[in-house]
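Colleague: Could you take a close look at one part of this model for me? I'd like to hear about the salt bridges and where they sit.

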Amino acid sequence: KVAFIIRLIYVIFIYFLNYELYGTFHESNAGDIDFYIKTPLQFVGRLDEFEIISLWRSWDIPYDDMGYMLYLLGLYIICSDFSTVVVPLLLKALFGALTCVFISRMATNHFGRSVGYMTGIFCALQFNMIWWCGSMMKETEMVFVMVWFIYEMDRVLSTGNLKLQNL
């Protein structure tokens, strides 16, 4: 809960601070952020996903750089009447907090309750993980997916139940 509250407060704070300082939701230098947001917005309701991927490939966007844009496109389709920035930022706060939960649980399982608590606290207060939640970069989602996978594989390996359905 604390990790989510910290990230939520930061997301709200940085959103309004950036508008106050720069007149936009992102920092002074948009860099990749502008590309990640505007590219999927162009295609909401216009093309199917295979046409979009073909078009992005014709723009020399590599496949490994399309995942975050497809994710944002899906969010924009689902939340078409809501802000294109607010929903992803709120999800980033949630994913960042869940990352802390997964890391803390793994530490508890392997090293005991006190180490798990410390790990959870350190993760909840890790500045770069908080900062990523307030930017529209893809790091929060990448770390979340990676840690979630490690958590699930650790759970499967710890139980010794290596059946295909568990994997």
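**A look at the salt bridges**

Modeller: Sure. The structure holds two salt bridges, and keep in mind that this is a predicted model. Take the pair K92 and E141 to begin with: their side chains meet in a salt bridge, with N to O at 2.8 Å. This pair links distant parts of the chain, since K92 belongs to helix α5 (residues 86–111) and E141 to helix α8 (residues 139–159), 49 residues apart. As for burial, K92 and E141 are both buried.

Now for the other pair. R155 forms a salt bridge with E152, and here the closest N and O atoms are 2.5 Å apart. Both residues lie in helix α8, three residues apart, which is about one turn of the helix. R155 has 42% relative accessibility, so it counts as partly exposed. E152 comes in at 23% relative accessibility, so it is partly exposed too, given that buried means under 20%.

As for the surroundings, the protein chain has eight helices and zero strands. Its C-alpha trace spans about 50 × 45 × 25 Å along the principal axes, and 38% of its 167 residues count as buried. Among contacts between residues at least 6 apart in sequence, 66% join residues at least 24 apart. On the charge side, the chain carries 11 positive and 15 negative charges, and the mean positions of these two sets are 12 Å apart.

Methods. Residues numbered from 1 in each chain as written. Predicted model: local features only at pLDDT ≥ 70, side-chain atom pairs only at ≥ 80, totals over all residues. Heavy atoms only, no water. Helix = DSSP H or I, 4+ residues; strand = E, 2+ residues; numbered from the N terminus. Buried < 20%, exposed > 50% of the residue type's maximum accessible area, 1.4 Å probe, protein only. Contact = heavy atoms within 4.5 Å. Lys, Arg positive; Asp, Glu negative; His and termini not counted. Charge placed at Lys NZ, Arg CZ, Asp CG, Glu CD. Salt bridge = Lys/Arg side-chain N within 4 Å of Asp/Glu carboxyl O.
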